[in-house]
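Open the model in your viewer and keep the sequence panel visible. The stops below can be selected one after another.

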Amino acid sequence: MEIVENRRKFLKQSLALVSGSVVLGGLTALTGCGANSASTSSDQPAEGKPASSENEAVAPEYPFPYQKLDLDAVEKHAYESFFGDIGGCCYGTAAGLLDELVKTVGYPYTLIPTAMFASGAGGYGQQSLCGSLGGAINVIGLICAPDDARKIVGELCNWYANAELPIYRPEQDFENFTVSGTVNCKDSVTKFMEANGIDSMGDIRRKHRCAGVCADTARKAAELLNIHFGFAEAPVEDDAAGVELAENEYVGSAKTDRGTLKVKVTMDGDKISKIEVLEHSETEGICEKAMSDIPAAIIEKNSTEVDAIGGATQTSKAIMEAVADALSKIKK
C-alpha cells in the first residue's frame with residue numbers, strides 16, 4: 001500500500017504542477033521555467049525507470065531534465081496528434097513535445113498522461129487562451145523554473161500574436177494566412193475564418209489551419225527550449241524587417257518578461273518628432289497610459305530619461321530602452 005500511496009502522491013503533485021490556469025489577456029504565464037542543466041546526473045534512472053530504494057517509489061526532481069528536440073519531428077507529430085483519438089490543439093501541442101521528450105529523455109516524462117491536455121481543445125475558458133499555447137506553456141513549466149519560464153512563455157506568446165500563421169501547412173486548402181494580434185483562441189480563429197470565408201468550425205479547412213498552428217506552436221516552443229539550454233543559437237533579429245522606413249526613421253526594440261516591445265522613431269533634424277509603438281505584448285488595461293504618456297514625455301524632453309508611469313514601470317522602461325535602441329542606429 002505504501003508504494004501505491006507514494007505513486008498517487010507523486011501523480012497528484014505532477015498534475016498540480018502542469019495543470020495550473022493561465023490568464024493571458026495580458027500575457028500572464030500559466031507556470032514557470034528555469035535554467036537548470038539539461039544533462040542527467042550520475043544517479044539518473046536507467047532505461048526510463050525511476051530510481052528506487054527498498055521498494056519505495058522516488059518522485060523526480062523539478063525541473064525535469066531536458067535534451068535537444070528535433071524540431072521537424074515535434075512539428076509533424078503535433079500536427080498528426082491534433083487529429084488523433086483525443087485530438088485538439090492543446091493535446092496536439094503537448095503530445096508533440098512530450099512524446100519526443102519520452103524518446104530523448106524517457107523518465108520522468110513517461111509519467112505524464114498526455115490525455116490531461118484534452119481540456120484545452122478549442123481554447124481555455126470561453127475561447128480565451130489558445131489551447132496550443134496552453135499545452136506548450138504547461139510543458140515549459142515542467143522543464144524550467146519560474147523566472148526562466150516567464151521569459152520563454154513571453155517570447156512564445158509574443159511570437160504567436162505577431163506571426164502570420166499557420167506556417168506548417170501540409171494540406172494547403174485555404175488561401176489566406178492571418179496574424180491574430182492576441183493570444184486568444186476566439187480572435188485568432190475568427191480572423192482566419194473571416195479571411196477565408198469559412199462559417200463553420202467543423203469545416204476541414206479550419207481544422208487544417210488549427211492543426212498547423214498547433215504544429216507551429218510546438219515547434220516554436222521546442223526551438224526556444226533548445227536555445228535556452230544551449231543546443232541552438234538564437235537567430236539574429238532585424239528590428240526593421242518588414243517595416244518601411246524613411247531616411248529619418250529608425251526602429252528599436254527592448255525585451256520585457258512578456259516579450260519584445262518595438263518602436264519606430266521619427267527624427268526632425270536632431271529632435272525626436274514622433275514615436276510609434278509597432279509591436280508589444282504588454283498587459284492590456286495596464287500598459288495604455290505608458291504607451292501614450294512615455295512617448296509624449298520623451299518627445300517633449302527630447303530625451304529617454306523621463307519618469308516612469310506608476311503601475312506600468314516595466315512597460316515605461318521598455319519604451320525608453322526601445323527608443324534609445326532606435327536612436328543608437330542614427331549615423332553620427
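The tour starts with confidence, then visits the cores, some helices and a loop, and ends at a sheet.

**Confidence**

This is a predicted model, so colour the chain by pLDDT before anything else. The chain average is 84, and 82% of the residues score at least 70. Select helix 1, residues 2-18: confidence in the chain is lowest here, with a mean of 42. Helix 2 has the highest, at 98. Next select residues 1-46, where the pLDDT is below 50. This stretch has 94 contacts in the model beyond near neighbours in sequence. Where pLDDT is low, predicted coordinates should not be read in detail.

**The largest nonpolar core**

Which residues touch the most other members of the largest nonpolar core? Select Leu 97, Leu 98, Leu 101, Leu 133 and Ile 143, which do so in a core of 57 residues. Then show the elements that give two or more residues to this core: helix 2 (71-82), helix 3 (89-104), helix 4 (131-143), helix 5 (146-162), helix 6 (185-195) and helix 7 (204-228). Helix 7 supplies the largest share, ten residues.

Centre on Leu 133 and display its surroundings. Setting aside residues up to four places away in sequence, Leu 133 touches Leu 156, Cys 157, Tyr 160, Val 183 and Thr 217. Another core lies apart from the largest one; it has 23 residues, including Leu 261, Ile 272, Ile 309 and Ala 318.

**Helix 4 and helix 5**

Select helix 4. Of its 13 residues, 13 are buried, and the helix is mostly covered. At 1.5 Å a residue, helix 4 should span 18 Å; its end C-alpha atoms lie 19 Å apart, which agrees.

Move to helix 5. Its 17 residues should span 24 Å at 1.5 Å a residue, and the end C-alpha atoms are 24 Å apart, in agreement. Buried residues in helix 5 include Ala 149, Ile 152, Leu 156, Trp 159 and Tyr 160.

**A loop residue**

Where is Thr 114? Look in the loop between helix 3 and helix 4. Thr 114 counts as buried because its relative accessibility is 16%, and buried means under 20%. Apart from neighbours within four places in sequence, Thr 114 is in contact with Tyr 91, Ala 95, Leu 98 and Asp 99.

**The sheet**

Now select the three strands that form an open, antiparallel sheet in the order 5-6-7. Strand 5 (249-256) and strand 7 (271-279) are the edge strands, each paired on one side only. Neighbouring strands are turned by 25° against each other on average, direction ignored.

Strand 5 and strand 6 form a hairpin with two residues between them, and eight bridges join this antiparallel pair. Pick Glu 249 to find Thr 266 of strand 6 opposite. Seven of the eight residues of strand 5 are buried, so this strand is largely enclosed by the rest of the structure.

Continue to strand 6 (residues 259-268), which is joined to strand 7 by seven bridges, also antiparallel. Asp 268 stands opposite Lys 271 in strand 7.

Add helix 8 (residues 288-301), which lies across strand 6 and strand 7 and runs at about 155° to strand 7. Finish with helix 9 (residues 313-327), which packs on the sheet and touches strand 5, strand 6 and strand 7. The direction of helix 9 makes about 140° with that of strand 5.

Key
Residues are numbered from 1 along each chain as its sequence is written. This is a predicted model: local features need pLDDT of at least 70, side-chain atom pairs count only at pLDDT 80 or more; totals for chains, interfaces and linings use all residues. Side-chain values use heavy atoms; hydrogens and water are left out. A nonpolar core is a set of buried Ala, Val, Leu, Ile, Met, Phe, Trp, Tyr and Cys residues joined through side-chain atoms within 4.5 Å. Buried means under 20% relative accessible area, exposed over 50%, partly exposed in between (1.4 Å probe, protein chains only). Helices (H or I, at least four residues) and strands (E, at least two) are DSSP runs, numbered from the N terminus. Contact means heavy atoms within 4.5 Å. pLDDT is the predictor's confidence in each residue, from 0 to 100. Two strands pair if DSSP finds at least two bridges between them. Axes are lines fitted to C-alpha atoms, for helices over the stretch in contact, and angles run from 0 to 180 degrees between N-to-C directions. The expected span of a helix is 1.5 Å times one less than its number of residues.
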